[in-house]
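Thank you for sending this model; below are the points I would raise on reading it. They are grouped by topic and can be followed beside the coordinates.

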Amino acid sequence: GRGVCMDIASATLLNGLSASAYAFDDTHLDTIAHPSAPSGAALLALAERQPVRGTDFLHALILANEIQCRLSKALAVAPAKCHVGFYMTGITGAFGVAAAVGKLLGLTEQQMIWAMGIGAAQGSGFRATHASMASGFVPAHAGRSGLVAGLMAANGFTCTEQFLEARNGFADVFASPAHIAALTDR
């Protein structure tokens, strides 16, 4: 309310912190992920930089949240197994947000792969931060990381195409085993 403007990465971080401050945001019950805080924060910041139609905004938000929830299921819902200490929002948030940002930026298929890979490479977060100010930082950081990943890919920054399924890739690192079929179920 003070008319102060920030760059979009900083705005995403601040919006994400605000959305997650009291953890009253949405919850994907199967995995306890909170997909809307990182997604909404990044997409609102991007929409201030470039005009976005309401339907396109909603499509991108749904895409980001769906990807985050499916990835979380692939890592944490049986038959998948992951360490209970992982904070799903921090691990999958940047991946989903990168896809949404890429959608709004009109990235090519190759750029979209790079964006999601760059986002996936930034996955982080653990539950021991809960009940501290850092708890809200995890989803905020995921939103900012996904936004930056999309912008980097739009400018030609590359990532391996096998970031998801490769040995020592996203699924292999965060789950033992992952349930990749959850990504395309229904």
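1. This is a predicted model, and I begin with a charged pair in helix H3. Arg70 is buried, with a relative accessible area of 18%, and its side chain forms a salt bridge with Glu66, in which the closest N and O atoms are 2.7 Å apart. Glu66, by contrast, is partly exposed at 39% relative accessibility. The two residues are 4 apart in helix H3, which spans residues 54–76, so about one helical turn separates them.

2. The model has 4 salt bridges in total, and two others deserve a look beside the one in H3. The side chains of Arg53 and Asp56 meet at 3.7 Å, N to O; Arg53 counts as exposed at 55% relative accessibility, while Asp56 counts as partly exposed at 32%. Arg186 and Asp185 form a salt bridge at 3.6 Å, N to O, and here Asp185 is partly exposed, with a relative accessible area of 38%. As background, side chains of opposite charge can pair when their charged atoms come close.

3. Arg186 should be inspected for its backbone as well, since it has a positive phi of about 55° although it is not a glycine. The residue sits in the segment after H7 and is exposed, with a relative accessible area of 84%. Ala131 likewise has a positive phi, of about 70°, without being a glycine; it is found in the loop between helix H5 (109–120) and H6, and its relative accessible area of 89% makes it exposed.

4. Two peptide bonds are cis, and I would check both against the displayed model. One joins Ala78 and Pro79, with omega about 15°, and Pro79 is found in the loop between H3 and H4. The other joins Ser176 and Pro177, with omega about 0°, and Pro177 lies in the segment after helix H7 (170–174). For orientation, most residues other than glycine have a negative phi, and most peptide bonds are trans.

5. Which residues form the aromatic cluster? Phe86, Phe95, Phe163, Phe170 and Phe174 come together in one such cluster, and the count of aromatic pairs in the model is 4. Phe170 also appears among the contacts of Thr92, which touches Gln68, Leu71, Ser72, Leu75 and Phe170 when residues up to four places away in sequence are not counted.

6. Thr92 itself lies in helix H4 (residues 88–105) and counts as buried, at 0% relative accessibility. Ser145, in helix H6 (residues 134–154), is buried as well, at 3% relative accessibility. Leaving aside neighbours within four places in sequence, Ser145 is in contact with Ala94 and Gln122.

7. The largest pocket holds about 280 Å³ of space. Its lining consists of Val4, Cys5, Met6, Ile8, Ala11, Leu14, Asn15, Leu44, Ala45, Glu48 and Arg49, and helix H1 (8–20) and helix H2 (36–49) each supply at least two of these residues. By residue type, the lining divides into 8 nonpolar, 1 polar and 2 charged.

How values were computed
Residues numbered from 1 in each chain as written. Predicted model: local features only at pLDDT ≥ 70, side-chain atom pairs only at ≥ 80, totals over all residues. Heavy atoms only, no water. Buried < 20%, exposed > 50% of the residue type's maximum accessible area, 1.4 Å probe, protein only. Phe/Tyr/Trp six-rings, centres within 6.5 Å; stacked < 30°, edge-to-face > 60°. 1 Å grid on protein atoms, 1.4 Å probe; cavity = no way out; pocket = protein on both sides within 12 Å on 5 of 7 lines; lining within 4 Å. Points joined across faces, edges and corners; volume = space filled by probe spheres on them. Nonpolar A, V, L, I, M, F, W, Y, C, P; charged D, E, K, R; others polar. Contact = heavy atoms within 4.5 Å.
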